[in-house]
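Got your viewer open? Load the model and let's take a walk through it, one selection at a time.

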Amino acid sequence: MNLSAGNQKMTTGVEQTAAIIVGAGPAGLSTAASFHQLSIPYTLLEREDCVASLFNKKSFDRFHLHLPKRFCQLAHMPFPAKFPTFVPRIDLLKYLDDYASRFDIKPKFGNLVKHAKYDEDRKMWRVETKMIGGDRSVAEEVRCYEGRYLVVATGENTEPFVPEVDGLSGFKGEVIHSTEYKSGKKYENKNVLVVGSGNSGMEIAHDLSEYGAKTSIIVRSPIHIISKWSVTIGLLLLKIWSLRFVDSLLVWSSKLMYGDITKYGMQRPKEGPFFIKVRDNKYPVIDMGAFKNIKSGKIQVLPALKSIKDGDEVVFENGKCYQFDAIIFATGFRRSTQLWLEGNDCFLNKDGTPKPMYPNHWKGENGFYCAGLAGTGLIGAAMDAQKIAQDICNQISK
Ligand SMILES: Cc1cc2nc3c(=O)[nH]c(=O)nc-3n(C[C@H](O)[C@H](O)[C@H](O)COP(=O)(O)OP(=O)(O)OC[C@H]3O[C@@H](n4cnc5c(N)ncnc54)[C@H](O)[C@@H]3O)c2cc1C
């Protein structure tokens with residue numbers, strides 16, 4: 001053990017294992033379960049104090065999975081038959097807890113990975129973590145882990161992102177990111193602006209309006225709004241028909257169901273929803289109820305935000321101004337793996353996405369793997385996990 005009082009850092013001894021998994025979200029849990037099934041020793045590092053923190057701590061009460069449960073299950077364990085097709089948050093959390101128990105998954109919580117590097121001479125990955133939580137007045141504790149294999153499962157939703165907005169720092173009301181939003185209850189009769197019209201933004205706007213908040217949402221770019229059942233059928237049809245044909249069916253069904261959306265201040269993109277998902281990794285909006293409230297005027301659609309003035313007035317690109325009590329930024333996330341993973345720029349892009357295209361995105365050099373980074377959702381992460389475990393097992397048993 002090495003204690004350096006000068007910079008208040010304390011490094012404890014190195015812990016060795018066969019494989020190190022970073023991130024105990026669904027991808028990391030699927031990987032741990034797959035390792036368990038093949039008896040591969042591993043250490044699972046997680047910065048938070050619970051598994052699947054995105055669903056545990058950073059989702060709102062009304063949250064449901066957008067896709068049917070058969071497209072969202074983790075590796076080796078389907079959702080219970082009694083669960084509804086679109087699994088609500090409370091059931092999802094139960095499933096994740098049961099999952100961890102069933103596969104004896106015990107993450108090392110409070111371990112924020114700060115640095116990882118491959119040691120060419122020793123043919124080992126060395127991972128350094130900073131312990132978070134606990135008593136912050138004592139020296140910062142750094143822990144070291146070493147393993148022949150490294151699996152990055154830190155997700156696509158790592159760091160909440162809020163864009164720079166002129167005048168935002170002077171806004172007198174509440175400003176939060178969607179990850180801090182729990183329920184619309186406390187916003188009844190308040191003027192609330194949701195910035196961002198992806199799935200989170202739309203669902204939060206829906207929740208707010210159901211609780212009686214005077215809700216507005218910024219819809220800046222063209223969007224596909226599709227019912228959850230149309231998406232389900234679309235996903236199944238993709239197995240037999242071309243993406244182009246399925247896309248045209250989805251657009252047709254969306255037009256039939258939602259009609260001319262320009263009446264409500266929105267536009268559809270020229271390209272189809274699955275095409276955009278593959279090209280830009282951008283999901284269509286799966287309607288969980290927001291559209292009927294847009295149609296009835298309970299949710300007002302506004303154009304892009306320009307600036308904020310006088311503490312509570314938001315100026316929009318069409319020149320109009322409105323006052324708001326709260327602004328909720330549903331403006332997504334940034335990945336951060338590239339910030340702590342040294343020397344793997346041949347595998348990861350600057351934004352943390354894998355350079356090799358699907359289906360070759362999961363395996364790098366020197367025992368490096370990633371699970372759940374290819375934009376293929378929960379089912380894609382489960383498939384990555386199983387491939388990684390099998391690949392490592394093949395190497396170990398050679
Ligand atoms: C509102 C919403 C609805 C969604 N609905 C669906 C759906 O219906 N179906 C679907 O397939 N997908 C859905 N998704 C996407 C789904 O959430 C992701 O596919 C899933 O969370 C990916 O799991 P993951 O393990 O890759 O990442 P995450 O769930 O983000 O887990 C990553 C973990 O890594 C940890 N971590 C990050 N950095 C570090 C570090 N440096 N050190 C230690 N730990 C670290 C994080 O704390 C986190 O626990 C939805 C997402 C959102 C936001």
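**Stop 1: a three-stranded sheet.** Start with the open sheet of three strands, ordered S14-S15-S16 and paired in the antiparallel sense. Strands here are DSSP runs (E, at least two residues) and helices are DSSP runs too (H or I, at least four), both numbered from the N terminus. Two strands pair if DSSP finds at least two bridges between them. In general, the strands of a sheet pair through backbone hydrogen bonds, either parallel or antiparallel.

Select 305–309 for strand S14 and 321–323 for strand S16: these are the edge strands, each pairing on one side only. From one strand to the next, the twist averages 25 degrees. Angles run from 0 to 180 degrees between N-to-C directions, with axes being lines fitted to C-alpha atoms (for helices, over the stretch in contact). Now add strand S15, residues 313–316, which pairs with S14 over four antiparallel bridges. Click Ser307 and look across: which residue of S15 stands opposite? That's Val315.

**A quick word on the model.** You're looking at a predicted model, where local features need pLDDT of at least 70, side-chain atom pairs count only at pLDDT 80 or more, and totals for chains, interfaces and linings use all residues. Residues are numbered from 1 along each chain as its sequence is written.

**Stop 2: a five-stranded sheet.** Next comes an open sheet of five strands in the order S8-S17-S9-S10-S13, with parallel pairing. Its edge strands are S8 (174–177) and S13 (299–302), each pairing on one side only. The twist here averages 20 degrees from one strand to the next.

Zoom in on S17, residues 326–329, which pairs with S8 in the parallel sense over four bridges. Two bridge partners to pick out are Val175 with Ile327 and Ile176 with Ile328. S17 also pairs with S9, again parallel and over four bridges, and there Leu193 stands opposite Ile327.

Are the faces of S17 covered or open? Both are covered: Ala326 and Ile328 on one side, and Ile327 and Phe329 on the other, are all buried. A residue is buried if 20 or more other C-beta atoms lie within 10 Å of its own, exposed if 12 or fewer, and partly exposed in between, with C-beta atoms placed from the backbone.

Now show helix H4, residues 199–210: H4 lies across S9 (191–195), S10 (214–218), S13 and S17, and runs at about 165 degrees to S10.

**Stop 3: an exposed spot.** Select Arg102, which sits in helix H3 (residues 89–102). Arg102 is exposed, with 12 other C-beta atoms within 10 Å. Try a distance to Asn360: the two C-alpha atoms are separated by 30 Å, and the residues are 258 apart along the chain.

**Stop 4: two domains.** Colour 2–158 plus 335–397 as domain 1 and 160–329 as domain 2; these bounds come from an automatic or database domain assignment. Their C-alpha centres lie 30 Å apart. Eleven residues from domain 1 and 15 from domain 2 make up the contact, where two residues count as touching if their C-beta atoms, placed from the backbone, lie within 7 Å.

**Stop 5: zoom out.** The whole chain has ten helices and 19 strands. Its C-alpha trace spans about 65 × 60 × 40 Å along the principal axes. Of the 398 residues, 38% count as buried.
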